[in-house]
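User: Could you walk me through this structure and explain the reasoning behind each label you use?

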2 protein chains.
Amino acid sequence: MHYAPYTHEWYMHKALQQAQLAFEKEEIPVGAIVVMQDKIISRAHNMTEQLNDVTAHAEILALTAAFNHMGAKYLPDATLYVTLEPCHMCAGALYWSKIGRVVYGASDAKHGYQHFFGGNNAMHPKTEIISGILANECAALMKNFFKAKR
Amino acid sequence: MHYAPYTHEWYMHKALQQAQLAFEKEEIPVGAIVVMQDKIISRAHNMTEQLNDVTAHAEILALTAAFNHMGAKYLPDATLYVTLEPCHMCAGALYWSKIGRVVYGASDAKHGYQHFFGGNNAMHPKTEIISGILANECAALMKNFFKAKR
């Protein structure tokens, strides 16, 4: 699939490539990237199994790598793309980061921060939220993963 | 101050010692320890300034060290002691860890998970929550920190 460069779909496809890597390592397939001024400054996928650490979600790893790259702990000019709606832990991390924008793919009816808190917004009030980008592709990867696990 | 061994106050005092280390490094003074079968398996303090990483809260660092120590990503038989009410990011991390018990000291009216979500419980339903242990001491350290910063 080809997407026009620098579009949300184009970046989400990069996050999906990270999710695909997770899938191949038998991790729940969630991928994330952080973008600043049209440049990808970090890429990560879920590593909870490999690291034996439930905090090693794609978003946390991508944020930490972005902080390291920038030498800064706030990212008001950055966008995080993630294939799945963030959980409340990751929403909290994004809140603290003061990130400018969060773009996610598939919704997560069970653990997504919006569902978990009944629509309560756990992100920073200045953070723009965009959802549903390549949602079907992101959700399909998750479904295939859990189907293969059964 | 002396506390009877293995009491909540005794363990919270150990977490406070971590918070004191944070204070001395000009970090917001929050400390945490993880205890299993009367043994402290990890100790950590807030390192957001030093690491330039807003996810480096005491709870996250203490959990990650405990996962490493145990070689396991769930901690149903462990207790985390933390000097301040966890934020929603840390509540999320504790949720995923399925930790048996969380004991915290001072409440955090601004960023504590209970206040942030209007009483909504962000922890795992099986996690026992105990609050207010050495609350005055934990709060005093925070107050002194922010007073010194002014």
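Here are some questions and answers on helix packing, the interface and salt bridges.

Analyst: Happy to help! This is a predicted model, in which local features need pLDDT of at least 70, side-chain atom pairs count only at pLDDT 80 or more, and totals for chains, interfaces and linings use all residues. Residues are numbered from 1 along each chain as its sequence is written, chains are lettered from A and ligands numbered from 1 in the order in which they are written, and side-chain values use heavy atoms, leaving out hydrogens and water.

User: Why is helix 1 of chain A called roughly parallel to helix 6 of chain A?

Analyst: The axes of helix 1 (residues 8-24) and helix 6 (residues 135-149) of chain A cross at roughly 5° and come within 10 Å. Angles under 35 degrees count as roughly parallel, so helix 1 of chain A is roughly parallel to helix 6 of chain A. Among the residues making this contact (heavy atoms within 4.5 Å) are Leu16(A) and Phe23(A) of helix 1 and Leu141(A) and Phe145(A) of helix 6.

User: What makes Glu49(A) and Lys73(B) a salt bridge?

Analyst: The rule asks for a side-chain nitrogen of Lys or Arg within 4 Å of a carboxyl oxygen of Asp or Glu. The N to O distance for Glu49(A) and Lys73(B) is 3.0 Å, so the pair qualifies. Across the interface of chain A and chain B, 2 salt bridges are found.

User: Why does Glu26(A) with Lys149(A) count as a salt bridge?

Analyst: Their closest N and O atoms are 3.7 Å apart, so this pair also meets the rule. Glu26(A) sits in the loop between helix 1 and strand 1 (31-36) of chain A and Lys149(A) in helix 6, 123 residues apart, so the pair links distant parts of the chain.

User: How do you know which residues of chain A bury most against chain B?

Analyst: Buried area is the accessible area (1.4 Å probe) that two parts lose on being put together, summed over both. Between chain A and chain B that comes to about 2600 Å², with carbon and sulfur atoms giving 65%. Val54(A), Lys73(A) and Trp96(A) supply 26% of what chain A buries against chain B, more than any other three residues. In contact terms, 31 residues of chain A meet 31 residues of chain B.

Methods
Axes fitted to C-alpha atoms, helices over the stretch in contact; angles between N-to-C directions. Helix = DSSP H or I, 4+ residues; strand = E, 2+ residues; numbered from the N terminus. Parallel < 35°, antiparallel > 145°, perpendicular 65-115°, else oblique.
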